[in-house]
Amino acid sequence: MGKFDKKTQQNISNDICGCFIDDLIGENIENKTSNDRLCNSHENDLEVYVDPDIEKISHDFYMRKLTDGLPIIPPTRDKVDKFLQYTDHDPDELIAVLQPKQGKATIEKVAINAVMAGCIPAFMPLIQHIISAVSQERFNLPGVNATTHPTAICTILNGPISREISINSGAGCLGPGNIANATIGRALRLCLMNIAGAVPGIMDHATMGSPAKYSFCFGEDENVNTWEPLHVERGFNQDDSTVTVMAVDSPQNVNDHRSTNAEDLLDTIIDTLSVAGCNNSHVPGELLVIMGPEHAQTILKNGWEKTDVKKYIHENTAISVELGDRGGRKLDDQWIDNDEVKLTRSPDDVIIVIAGGPGKHSMIAHGFGTSSDSVNIPLKLKTGKLAKSIQDFKS
Amino acid sequence: MLKMNVKILERDVLNPLAEKEYLTLNSAIIPETITEISLFDNTKPNADIILRYIEDNFNGIKFSHVKKPAGAPATLKQINKAAQADLSILALGDCGSCTTWVILDAIKLEKKGIPTISICSDKFTEFAAELASSNGMENLRILEVEHPIAGLSKEKVQEKTLKILPKLENMLGIEY
């Protein structure tokens, strides 16, 4: 038996006996019998810790309704700790209390769900801020989470940090293929399920839900020469970084390959927007227009400013009162104008961002009507200082 | 031959579920004498028929009418108006967001000392009760009406409302 020498190693885990492998096998090894254990102080000579089996943990979590149905990364202590290195808050600090379950969104709980979603640790500050944004009163998280409407939460990233994490704002930005787009939105969804309690059929009552509820996150393309990006429009500087959350239906495509001027192209967008069956039809509110860069260039060619586009969409996106009054809430007289209902309350309700690759396409998504307003917040350090890099958060 | 016992252990996983904010609130007591009831209508389809039918079947009580949003919170003005009565009846929780704000607005009234009765359809009463409990008011009064209510004729809605009148009478402690 090798000598038992604790030496002065302070970093030895309590889970192992304290013997060193050299000690264990170094002395009198020839005298050991085949049935002897090397060390008597512990049941085993060596305990090796491995990551849990993904399939097994995914199944276990799935059966406990802790996932969105897709496999998850097992949230082990060491993996969660890597995320905690990307925040300047303590693990038990409370970011928000999330409705409807009144769940306490601590930094650690958010990190656990982010690990599960497949995020990388550097995404942690973004997810932390997204949770903070959805908890703000004007976002109406209790309604957004519980509604029978297929309301997803769209997250839009702006500023240098969005580029630092390589969020996709180009070709396929609303589809698969990019880890930030795929997992940041998913982390939010898992937080909503496990922290806010928005489990489908239990506290999330969407009649059918929506594919956009898995993940709906992208960046605005600020490199194309168009209008000021969303965060600048909301009062931030170009080199600030922000997250914007907005409660929306699934996006719908606007295919227009033939319009050569602003009005024609915007009429196609307006026609796609002006439908019954959305929440805006009876409780007017925000609309999201994700404009493809080529469409934006068509409009810019005519010298239209962003404010002109927003005004034109606001003034012309409308449906008949007859169709408008088929929604969940009785159509209020204040929204009726010449036997029509405008789908937005003002031009400010038209939220325009530029994203996507080559092609003559844009996307629109209806909002949650008067019941929810988008929230745009800057990425800030605990000190209140605006973050310039994701590395600013690293401890 | 040396034998070495090596145990392979899986690392533990952490719990993604959050702790709940702990709250305990009690619903307001219904007074022995009810002079005025506010009917708090979220304008969901046929909520007005339910509330009107209740009004028509309880004699000797003054009813006031207040409207509120369905999937969003009532304004402070609307809450204060509904709070002017001895009790408020809220309708209708027959979807996720409207049930949410029937319950959360009812709790706001209860916190002001105004007892409430929240009418929710049976597909949403379990959620309504859980939401009330999560927000600290386990004993919030929820009156269950048969789902669906939207898309029905006036007569059918009245028929469903008639079935809940005995329970309502019992909650109010008065005869209709």
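Two strands count as a pair if DSSP finds at least two bridges between them. Keep that in mind as you click around, and remember that this is a predicted model.

**Stop 1: strand β13 and its two partners**

Select residues 361–366 of chain A, which make up strand β13. Now add residues 287–291, strand β8 of chain A: β8 and β13(A) pair in the antiparallel sense over five bridges. To see one of these up close, pick A:Val289 and look for its bridge partner in β13(A), A:Ile364.

Next, bring in residues 252–255 of chain A, strand β7. Four bridges link β7 to β13, and this pair also runs antiparallel. Here you can zoom in on A:Asn255, whose bridge partner in β13(A) is A:His361.

**Stop 2: a hairpin**

Move to residues 94–98 of chain A, strand β2. Its antiparallel pairing with β3(A) takes in four bridges. A:Leu98 has A:Gly103 as its bridge partner in β3(A). Together, β2(A) and β3(A) make a hairpin with four residues between them. Click on A:Gln102 in the turn: its phi is positive, about 60°. Remember A:Gln102, as we'll meet it again at the chain boundary.

**Stop 3: an open sheet of three strands**

In what order do the strands of the open sheet in chain A stand? Follow them across and you get β9-β11-β10, with antiparallel pairing. Select 318–320 for β9 and 336–337 for β10: these two stand at the edges with a single partner strand each, so one side of each has no neighbour in the sheet. Then add residues 340–342, strand β11, which is joined to β10(A) by two bridges. One match to look at is A:Ile336 with A:Val341 in β11(A).

**Stop 4: into the core**

Time to go inside. The largest nonpolar core has 62 residues, and A:Leu126, A:Ile127, A:Phe139, A:Ile153, A:Ile165 and A:Ile184 touch the most other members. Colour those six, then centre the view on A:Ile153. What is in contact with A:Ile153, leaving aside its neighbours within four places in sequence? The list includes A:Val134, A:Phe139, A:Leu141, A:Leu188, A:Phe216 and A:Met246. A:Arg189 is also among the residues that A:Ile153 contacts.

There is a second, separate core too, with 28 residues, including B:Leu51, B:Ile149, B:Val157 and B:Ile164.

**Stop 5: salt bridges within chain A**

Side chains of opposite charge can pair when their charged atoms come close. Over all chains, the structure holds 29 salt bridges.

Start with A:Arg186 and A:Asp68, whose side chains meet at 2.8 Å or less: the N to O distance is 2.7 Å. A:Arg186 sits in helix α8 (residues 179–194) and A:Asp68 in the loop between α2 and α3, so this pair ties together parts of chain A that are 118 residues apart in sequence. Are these two residues buried or exposed? Both A:Arg186 and A:Asp68 are buried.

Now try A:Lys213 and A:Asp204, a salt bridge at 2.9 Å, N to O. Both of these residues are buried as well.

A third pair is A:Glu233 with A:Lys306, at 2.6 Å, N to O. A:Glu233 belongs to helix α9 (residues 230–233) and A:Lys306 to helix α12 (residues 306–316), so parts 73 residues apart in sequence are tied together. A:Glu233 is partly exposed, with a relative accessible area of 26%, whereas A:Lys306 counts as buried at 6%.

**Stop 6: where chain A meets chain B**

Show both chains. 60 residues of chain A are in contact with 43 residues of chain B. The area buried between the two chains is about 4300 Å², with 60% of it coming from carbon and sulfur atoms. Select A:Gln102, A:Lys104 and A:Arg329: within chain A, these lose the most area to chain B, together 13% of what that side buries.

How many salt bridges cross the interface of chain A and chain B? The rule finds two, along with 24 residue pairs in polar contact. Elements of chain A that each supply at least two residues to the side touching chain B include α1 (21–26), β1 (46–50) and α4 (107–117).

For a last close-up, pick A:Asp51 and B:Arg11, whose side chains form a salt bridge at 2.8 Å, N to O. Add A:Lys79 to the selection: salt bridges with shared partners join A:Asp51, A:Lys79 and B:Arg11 into one network.

Definitions and conventions:
Residues numbered from 1 in each chain as written. Chains lettered and ligands numbered in written order. Predicted model: local features only at pLDDT ≥ 70, side-chain atom pairs only at ≥ 80, totals over all residues. Heavy atoms only, no water. Core = buried A, V, L, I, M, F, W, Y, C linked by side-chain atoms within 4.5 Å. Buried < 20%, exposed > 50% of the residue type's maximum accessible area, 1.4 Å probe, protein only. Contact = heavy atoms within 4.5 Å. Buried area = accessible area lost by both parts, 1.4 Å probe. Salt bridge = Lys/Arg side-chain N within 4 Å of Asp/Glu carboxyl O. Polar contact = N/O pair within 3.5 Å; in protein donor to acceptor, adjacent residues only side chain to side chain.
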